[in-house]
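Colleague: Could you take me through the nonpolar core of this one? I'd like a close look at that part, and then a word on how it sits in the chain as a whole.

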Amino acid sequence: GNTCSHIPSFIMPAAEIAAKDWGPVEEFREDYIQKRGRMVRLLNEIPSLTAGEPEGAFYLMVDVSRTGMDATTFASRALEEAKVQVIPLESIPGGEGHIRLSYAAEDDVIDEGLTRLRDWLNAQ
């Protein structure tokens, strides 16, 4: 709401600096593009999971239907058995059979989480 009606005055100096130099923003953007590609590539190496490339934000919507589990069951078991937290999307229209993963993390965290999911699913 604040960004639509007014920007708080204490943010103005930071906004002025940012408006003069977009380099850090571009660097941040490129980092997230790399993370997105990394996560999509690693996910698509897991046969029972599929994910398309998102157009925005830092989340992937992953189809888990080929695992034979609904998204809520998948999320519960992934946390309990693989020690990976995912968000089931069944409460969102069109989200049935899908989970959400975030790539707003360090590369080693992304790698570890997807390795755990892969190993867990391969052991099924």
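Modeller: Sure. In this predicted model, the largest nonpolar core has 27 residues, and the ones touching the most other members are Leu43, Val62 and Phe74. At least two residues of this core come from each of α3 (23–43), β2 (59–63), α4 (71–82), β4 (98–102) and α5 (107–122). In general, nonpolar side chains in soluble globular proteins tend to be buried together.

Leu43 is a good place to zoom in. Leaving out residues up to four places away in sequence, Leu43 touches Leu49, Ala51, Leu60, Val62, Leu101 and Leu114. Val62, one of those partners, is itself among the three residues that touch the most other core members.

Now step back to the chain. Five helices and four strands make it up, in the order α-α-α-β-β-α-β-β-α from the N terminus. The radius of gyration is 18 Å, well over the 14 Å that the globule rule gives for 124 residues, so the chain is more spread out than a compact globule. Along the principal axes, the C-alpha atoms fill a box of roughly 55 × 30 × 25 Å.

Of the 124 residues, 31% are buried. Among contacts with a separation of 6 or more, 55% are between residues 24 or more positions apart. On the outside, the chain exposes about 8000 Å², with carbon and sulfur atoms supplying 55% of that area. As for charge, there are 12 positive and 21 negative ones, and their mean positions lie 2 Å apart.

How values were computed:
Residues are numbered from 1 along each chain as its sequence is written. This is a predicted model: local features need pLDDT of at least 70, side-chain atom pairs count only at pLDDT 80 or more; totals for chains, interfaces and linings use all residues. Side-chain values use heavy atoms; hydrogens and water are left out. The radius of gyration is taken over C-alpha atoms; the globule rule is 2.2 Å times the number of residues to the power 0.38. Buried means under 20% relative accessible area, exposed over 50%, partly exposed in between (1.4 Å probe, protein chains only). Contact means heavy atoms within 4.5 Å. Accessible areas come from the Shrake-Rupley method with a 1.4 Å probe; for residues, only the protein chains shown count as cover. Lys and Arg count as positive and Asp and Glu as negative; His and the chain ends are not counted. The place of a charge is taken as NZ of Lys, CZ of Arg, CG of Asp or CD of Glu. A nonpolar core is a set of buried Ala, Val, Leu, Ile, Met, Phe, Trp, Tyr and Cys residues joined through side-chain atoms within 4.5 Å.
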